Amino acid sequence: MSSITLGIIGLIVLIILLFSRMWIGVSMAIVGFVGYALIIGLKPACAMIAQVPFSTVAHYPLSAVPLFIFMGILLFHTGVGAELYESAYAWVGRFRGGLAMASVLACALFAAITGISAPAVVTMGKVAVPEMRKYKYDDKLATGSIACAGTMSILIPPSMAFIIFGILTSVPVGKLFIGGILPGIILSIMFIITISVITLRNPEAGPAGAKTTFKEKVVSLKKTWPVVLLFIVILGGIYGGVFTPTEAGAVGTFIVIIISIIKKRLTFKILYESLLETGQTAAMVFFLMIGAYILMKFFTVSKLPYVLSQSITSLPIPPMAVMAGIGILYIVLGMFLDILSAIIITVPIIFPAVTALGFDPIWFGVIITMLVQIGLVTPPVGLDAFTLAGVIDVPIQTIFRGVLPFVVTMIICIIILMIFPQIILFLPQLM
């Protein structure tokens, strides 16, 4: 049996194991080890599986993962997210649909200081939904706006998805971070426009909130200084070449601890819970990465990515049509897997084909991140939608109906970025 055939069989077995609900990291490691052993031999496979876990976890750039996770979780536990909502509410709450707009703005700001979406969704769910219910907002608008806006935490830097994508593909993480800025801003604006359209068609879906004076608006900006400081330090340092993304994680974490102490919110209980949650999340990511690298060893010796790349590039269809097919694949994957799992499983196989078609790696990294964003809020397993349902008393069916207009908005935004790639590439090219 040829190595190519073994590679295809391994891919099919991996899909079967994933649908059988086996742990993703274990599934990748089993398929990778058995496939490698069948092609190279059992003894080299045992040596490979003994070496890969250490070499993967000891990879210096991966140290950024627990640092950025800890930064986001600590900010969540110290209440910074709630303050961001209060500041955004002071500025746009008086408009029709203003409370939902405030949630979008708060999520965008929260995304600028954390690389995972769950803290933003949980924070806005607990803070904003009760406020919107007080003003008799439609549950679909309230939950849909929060669930979709929360996903911006994996697009607006610092993003955990970009870190993992960069490590897997050797694409500079700093340029991926910078590449996500303009798409994040554009998507935030488009979400606000979507809310305006919804409330224009149905004013009762999002009645205006209480008015605030100009002085109250200005005073509310004081609550955003931690976000502004972190955003300037982290992205300014990376963009200016002062430090690497990994070092930025350490600098950002140190600043968050100082901010928490200044605000007198860092208790031993919060520190313990944040460290414990960080350890659990980071361990999950590392386990996925170990499984992915074992799987990559198998796919490399099977030559499956090379053959797939050759097959795709030889198709008699435009490259953008191929990207459209890949886009549909990622949306479907996002419905069943979290973004990190979807990226870790597919990128080693698809990335060579994408680059062979002439697409920019940074552009591709941003596009697939946005594609899997859609999967985070769509049925049957929209993880962020279920996360929101777990913290508020709203049926999951209502949330899934509420996200539909925003999913359409995300698709339109992706199409715009595919037609005009310079929106993504403009800032990275200046670095």
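**View 1. Phe165, Phe351 and Phe364 form a cluster joined by ring pairs.** We start with aromatic side chains in this predicted model. Pairs between rings are what tie Phe165, Phe351 and Phe364 together. How many aromatic pairs turn up when the whole structure is searched? The search finds nine. Take Phe359 and Trp363: their ring centres sit 5.1 Å apart and the ring planes make an angle of 15°, so this pair counts as stacked. Are Phe359 and Trp363 buried or exposed? Both are buried.

**View 2. Helix 9 runs alongside helix 15.** Helix 9 covers residues 160-169 and helix 15 covers residues 268-302. Their axes come within 12 Å and cross at roughly 25°. Angles under 35 degrees count as roughly parallel, and helix 9 and helix 15 are therefore roughly parallel to each other. The crossing of helix 9 past helix 15 is right-handed. From helix 9, the contact uses Ile164, Ile167 and Leu168, and from helix 15 it uses Val285, Met289, Tyr293 and Met296. What kinds of residues are these? The contact of helix 9 with helix 15 has seven nonpolar residues, with no polar and no charged ones.

**View 3. Helix 4 meets helix 9.** Here we stay with helix 9 and look at its contact with helix 4, which spans residues 64-77. The two axes come within 10 Å and cross at roughly 175°. That angle makes helix 4 roughly antiparallel to helix 9. Ala64, Val65, Phe68 and Ile69 are the helix 4 side of the contact, while Met160, Ile163 and Ile164 are the helix 9 side. Sorted by class, the contact of helix 4 with helix 9 comes out as seven nonpolar residues, no polar and no charged. You may recognise Ile164 from the previous view, where it is part of the contact between helix 9 and helix 15.

**View 4. Helix 7 packs against helix 8.** Helix 7 takes in residues 118-134, and helix 8 takes in residues 139-150. Their axes are 10 Å apart, and the packing angle is about 160°. Which way does helix 7 run relative to helix 8, parallel or antiparallel? The angle makes helix 7 roughly antiparallel to helix 8. Helix 7 and helix 8 cross in a right-handed way. On the helix 7 side, look for Ala120, Val121, Met124, Gly125, Ala128, Val129, Met132 and Arg133. On the helix 8 side, look for Asp139, Ala142, Ser145, Ile146, Ala147 and Gly150. By class, the contact of helix 7 with helix 8 splits into nine nonpolar, three polar and two charged residues.

**View 5. Lys136 and Lys264 sit in loops and have positive phi values.** Lys136 lies in the loop between helix 7 and helix 8. Its phi is positive, about 60°, although Lys136 is not a glycine. Is Lys136 buried or exposed? With 65% relative accessibility, Lys136 counts as exposed. Now hop over to Lys264, in the loop between helix 14 (245-262) and helix 15. Lys264 has a phi near 60°, again a positive value in a residue other than glycine. At 76% relative accessibility, Lys264 counts as exposed.

**View 6. Ile367 is a buried residue of helix 19.** Helix 19 runs over residues 361-375, and Ile367 is part of it. The relative accessible area of Ile367 is 0%, so this residue is buried. Which residues does Ile367 touch, leaving aside those up to four places away in sequence? They are Met323, Ile414, Leu417, Met418 and Ile424. Another residue to find is Pro421: it is 54 residues from Ile367 along the chain, and their C-alpha atoms are separated by 9.7 Å.

**View 7. Pro318 is in a loop and Val218 is in a helix.** Pro318 sits in the loop between helix 16 (304-313) and helix 17 (319-336). At 53% relative accessibility, Pro318 counts as exposed. Pro318 and Ser159 are 159 residues apart along the chain, and their C-alpha atoms are separated by 31 Å. Val218 belongs to helix 12, residues 214-220. With a relative accessible area of 37%, Val218 is partly exposed. How far apart are the C-alpha atoms of Val218 and Ser87? The distance is 8.9 Å, for residues that are 131 apart along the chain.

How values were computed:
Residues are numbered from 1 along each chain as its sequence is written. This is a predicted model: local features need pLDDT of at least 70, side-chain atom pairs count only at pLDDT 80 or more; totals for chains, interfaces and linings use all residues. Side-chain values use heavy atoms; hydrogens and water are left out. Rings of Phe, Tyr and Trp (its six-membered ring) pair if their centres lie within 6.5 Å; planes under 30 degrees apart count as stacked, over 60 as edge-to-face and the rest as tilted. Buried means under 20% relative accessible area, exposed over 50%, partly exposed in between (1.4 Å probe, protein chains only). Helices (H or I, at least four residues) and strands (E, at least two) are DSSP runs, numbered from the N terminus. Axes are lines fitted to C-alpha atoms, for helices over the stretch in contact, and angles run from 0 to 180 degrees between N-to-C directions. Angles under 35 degrees count as roughly parallel, over 145 as roughly antiparallel, 65 to 115 as roughly perpendicular and the rest as oblique. A crossing is left-handed if the near helix is turned anticlockwise from the far one by less than a right angle, and right-handed if clockwise. Contact means heavy atoms within 4.5 Å. Ala, Val, Leu, Ile, Met, Phe, Trp, Tyr, Cys and Pro count as nonpolar, Asp, Glu, Lys and Arg as charged, and the others, Gly among them, as polar.
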